[in-house]
Each structure stands twice: as C-alpha cells, then as structure tokens.
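A visitor who is new to this structure puts some questions to a guide. The structure is shown first.

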Amino acid sequence: MAWALLVGAGLLEIVWAIALKQSEGFARLWPSAIGLGAAIASFALLALALKWLPVGTAYAVWVGIGTVGVAIAGIVAFGEPASAARLLCLALIVGGVIGLKLVH
C-alpha cells in the first residue's frame, strides 16, 4: 500500500509541474488551481507513504518519478531536446529508483 501511495504521489508531481508550466506564472486560473491542488495531494500522499517507508528511499523515488515524468512530458509535449546524453541520464535515474525499490 505504501508503494502505491508513493507512486501516486510521484505521478501527481508530474501533474503539478506541467500545470504550473501551463499557468504562465500563475496568470491563468485553472492551470494554477490544478497545479496547486496536485501539489497538495502529492505532498499528502508522500506524507502517508512515509509512515511505512524510509524517508531517504521514499523521497528519492518520489523525486525520481517526478523528474523522469516531467522530462519525458517536456520532450513529448513541449518539444524539448531528446539528446542521447539526456535520455541516458533519465535511464540512470530510472535505474536508481528501481534499485532503491529492490534493496528496500
């Protein structure tokens, strides 16, 4: 259950980051509201997951899911570059997150 909460928190981190990008510095109401709501929900799910998971592992997994997800969204939705070096770095993050899960 804790891992499901943590994955949900990580996915919501992707939502709030993309929504804040769309908010244009809080100039647009709905993307701003979605971003803030998703951020609050993400933090709440992370806090719940921390009841059962070590803080170092949970935080690294949460940030890793968000980092990789937002980077992929940036490539797909916003035309950000997808260089080999960038993709390799993202793969290293994924490997680290999987490693943390396996050693837990």
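The conversation below takes up the core, a buried charge, a salt bridge and a surface patch.

Visitor: What kind of model is this, and how are residues numbered?

Guide: This is a predicted model, in which local features need pLDDT of at least 70, side-chain atom pairs count only at pLDDT 80 or more, and totals for chains, interfaces and linings use all residues. Side-chain values use heavy atoms, with hydrogens and water left out, and residues are numbered along each chain as its sequence is written, from 1.

Visitor: Which helix supplies the largest share of the largest nonpolar core?

Guide: A nonpolar core is a set of buried Ala, Val, Leu, Ile, Met, Phe, Trp, Tyr and Cys residues joined through side-chain atoms within 4.5 Å; buried means under 20% relative accessible area, exposed over 50%, and partly exposed in between (1.4 Å probe, protein chains only). The largest core here has 12 residues, among them Trp3, Leu46 and Trp62. Helices α1, α2 and α3 (55-78) each supply at least two of its residues, helices being DSSP runs of H or I with at least four residues, numbered from the N terminus. The largest share, five residues, comes from α1.

Visitor: Which side chain of opposite charge is nearest to Glu13?

Guide: Glu13 lies in helix α1 and is buried without a salt bridge, that is, a side-chain nitrogen of Lys or Arg within 4 Å of a carboxyl oxygen of Asp or Glu. Lys and Arg count as positive and Asp and Glu as negative, while His and the chain ends are not counted. The nearest side chain of opposite charge is 14 Å away and belongs to Arg86.

Visitor: What is the N to O distance in the salt bridge between Glu80 and Arg86?

Guide: The count of salt bridges comes to one. Glu80 is partly exposed, because its relative accessibility is 32%, and Arg86 is also partly exposed, at 26%. Their side chains meet with an N to O distance of 3.1 Å.

Visitor: Which helix gives the most to the nonpolar surface patch?

Guide: Patches are made of residues with over 30% relative accessible area and no salt bridge, like charges being joined within 9 Å and nonpolar side chains (Val, Leu, Ile, Met, Phe, Trp, Tyr) within 5 Å. Val15, Leu29, Trp30 and Ile34 make a nonpolar patch of about 450 Å², an area that comes from the Shrake-Rupley method with a 1.4 Å probe. Val15 is in helix α1 (residues 2-22). Three residues of the patch come from the helix that gives the most, α2 (residues 29-49).
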